[in-house]
Amino acid sequence: MSDSSESTLLDAIRAGYTVEGPSLELGAAVVDGAAHPDAVVRIPLSAMNRHGLVAGATGTGKTKTLQLMAEQLAAQGVPVFLADVKGDLSGMASAGEANERITSRSQEVGLPWTPTAYPVEFFALGGQGKGIPVRAAVSTFGPTLLAKVLGLNATQESSLGLVFHYADKRGLFLDTIADLRAVVQHLTSDEGKADLKELGGLSSATAGVILRELITFSDQGADAFFGLPELDTAQLLRTAPDGRGLVSMLELPAVQDRPQLFSTFLMWLLADLFHDLPEVGDLDKPKLVFFFDEAHLLFSDASKEFRDAIQQTVRLIRSKGVGVFFVTQSPKDVPADVLAQLGNRVQHALRAFTPDDAAALKAAVKTYPRTEYDLAELLTSLGTGEAVVTVLSEKGVPTPVAWTRMRAPESLMGPSPDAVVDAAVAASPLTAQYAQAQERDSAAEMLGKATQERVAAQQAATEAEARATADAAAEQEAARARAAAEQAAAKERAAAEKARAAEERRRAQEPGMVEQVVQSSAFRSMLRSAGTALGREITRSIFGTTRRR
């Protein structure tokens with residue numbers, strides 16, 4: 001580059017990056033390999049809610065750029081959210097350690113370096129790792145994001161939406177994956193066939209696919225990420241007691257084997273913020289800047305509906321005072337309609353080892369304003385800690401493209417000691433509120449109770465029917481016994497009556513005892529004798545005399 005071209009380029013950079021209000025100082029402009037401390041590359045603080053992209057191949061310095069930007073935002077009272085995928089951003093809680101490279105870089109860019117620790121709140125997805133557990137209820141996570149995590153196709157995603165609709169209609173709380181599984185199992189059971197038919201668009205086969213995916217998801221340990229208490233995303237908007245913005249850092253190394261889960265979880269956090277925050281328009285500084293690391297995972301295999309939802313969220317959340325920076329390896333990882341919303345660009349080195357890489361490089365070059373730099377060559381030759389920068393000025397106009405040698409972060413460029421992280425977690429006011437998982441009677445328990453009640457009712461009905469049958473049989477047996485007893489009694493009465501009649505006939509036919517005695521010869525003889533003596537006695541009594549012998 002000629003001296004005149006170099007001078008013209010530097011003048012354009014100086015003018016383009018002159019900021020009247022607060023700003024973030026990224027570093028010094030570079031021309032022909034030399035840094036120019038008098039040409040400082042800045043991002044206006046007021047432009048940080050215009051969203052941005054930090055891209056570059058692995059090892060080119062993306063993470064340090066995040067750290068550098070987060071530091072300066074926090075220092076100016078802006079809360080920051082960072083996803084710590086590699087586990088080394090926790091160093092922001094500790095002051096940096098000076099070394100020769102840091103000193104040399106500070107001298108090159110002409111910006112002072114002071115070791116500084118920043119206020120950091122550590123979070124852990126589902127409590128897997130060190131930090132305050134971040135959980136979400138399945139119902140608020142929603143079918144669209146969950147379908148993305150489960151890898152469902154469009155038809156299955158629509159069917160999953162019907163399951164959520166059914167749960168809402170029936171008042172079934174979907175807190176955990178177990179709750180959602182319970183609802184799907186109910187719909188595919190004999191008891192739920194009528195409900196499944198009522199849903200219309202949900203076939204039993206699709207319900208079976210969803211159920212299998214949920215079981216696999218649970219087997220991978222995803223249950224820990226869903227449940228209560230659910231994080232109130234307003235906690236991400238806090239500032240420290242000294243007025244600096246609080247850096248909310250979500251630790252993610254424990255879930256690197258489930259990359260789509262944590263990427264989608266970050267999208268849930270952003271969507272929840274969008275839902276809750278009021279419209280505020282353009283502010284002097286953002287309410288929050290959200291760094292969305294490993295952004296390519298979010299868009300990988302995403303449905304059109306899902307991408308449209310992201311594009312809408314990114315477009316509209318700016319007016320709510322939130323800036324979003326996507327962090328990924330290449331601009332091509334972000335859909336064009338989303339990329340068009342990103343006004344601030346920090347592009348680290350790209351690789352062009354394959355035809356696909358070369359095509360991505362060519363496409364990336366076309367997205368930059370016209371410049372004196374040979375971007376096709378520059379983007380493949382940038383050193384570690386260097387980037388091509390273009391941002392929006394305070395007036396909303398794109399700044400000139402600036403090859404920038406980035407300043408070094410002032411906090412520790414590596415993980416903080418465990419003791420520092422443990423102390424920060426223990427001191428957090430959120431630990432008591434979110435550390436312990438909570439349970440309530442949600443869908444699984446509600447359906448379980450309904451099943452128990454139904455089984456108990458069926459058992460009671462069966463027992464009642466058995467008792468009724470037994471009572472009827474006993475009554476029949478008693479009736480037969482009564483009939484037999486009555487019949488026997490009747491027979492006995494008839495026999496007794498017959499015997500009585502016979503006795504009466506016998507008595508009527510036989511003479512009585514007196515009659516028998518009177519008619520007997522002995523009795524007649526006795527009467528004759530008694531009559532003779534009696535006659536004498538009577539005679540004597542009448543005449544007073546008796547016959548002499």
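**Exercise 1. Find which helix gives the largest share of the second largest pocket's lining, and describe that pocket.**

Start with helix α9, which supplies six residues, the largest share of the lining of the second largest pocket. Before going on, a word on the ground rules: this is a predicted model, where local features need pLDDT of at least 70, side-chain atom pairs count only at pLDDT 80 or more, and totals for chains, interfaces and linings use all residues. Residues are numbered from 1 along each chain as its sequence is written, and side-chain values use heavy atoms, with hydrogens and water left out.

Next, the terms. Helices (H or I, at least four residues) and strands (E, at least two) are DSSP runs numbered from the N terminus. A pocket is an open set of points on a 1 Å grid over the protein atoms alone, where a 1.4 Å probe fits, with protein on both sides within 12 Å along at least five of seven lines; lining residues have an atom within 4 Å of a point.

Now the pocket itself. Its volume is about 300 Å³, taken as the space filled by probe spheres set on the points. Of its 15 lining residues, Phe141, Leu145, Ala271, Ala309 and Thr313 sit closest to the centre. Helices α4, α9 and α11 (304-317) each give at least two residues to this lining. Sorted by class, you get nine nonpolar, five polar and one charged.

**Exercise 2. Follow Phe141 and helix α9 into their aromatic pairs.**

First, the rule: rings of Phe, Tyr and Trp (its six-membered ring) pair if their centres lie within 6.5 Å, with planes under 30 degrees apart counted as stacked, over 60 as edge-to-face and the rest as tilted. That rule yields 11 aromatic pairs.

Take Phe141 with Phe226: they pair edge-to-face, at 5.2 Å centre to centre and 90 degrees between the planes. Phe141 is in α4 (residues 138-150), while Phe226 is in the loop between α8 (204-219) and β7 (247-251), so the pair links distant parts of the chain, 85 residues apart. Both Phe141 and Phe226 are buried (under 20% relative accessible area with a 1.4 Å probe, protein chains only).

Then move to Phe265 and Trp268, also edge-to-face, with 5.5 Å centre to centre and 70 degrees between the planes. Because they are three residues apart in α9 (residues 259-276), about one helical turn separates them. Phe265 and Trp268 are both buried.

**Exercise 3. Check the length of α2, then place it beside the largest pocket.**

Step one is the ruler: the 14 residues of α2 (residues 62-75), at 1.5 Å a residue, should span 20 Å, and the end C-alpha atoms are 20 Å apart, so the two agree. (The expected span is 1.5 Å times one less than the number of residues.)

Step two is burial: 12 of the 14 residues of α2 are buried, including Lys62, Glu71 and Leu73. Just past the helix, Gly77 takes a positive phi of about 85 degrees.

Step three is the pocket. The largest one has a volume of about 640 Å³ and 31 lining residues, with Gly61, Lys64, Thr384, Gly385 and Met413 nearest its centre. Helix α2 gives the most to that lining, with six residues. The lining divides into nine nonpolar, 12 polar and 10 charged residues; Ala, Val, Leu, Ile, Met, Phe, Trp, Tyr, Cys and Pro count as nonpolar, Asp, Glu, Lys and Arg as charged, and the others, Gly among them, as polar.

Key: Buried means under 20% relative accessible area, exposed over 50%, partly exposed in between (1.4 Å probe, protein chains only).
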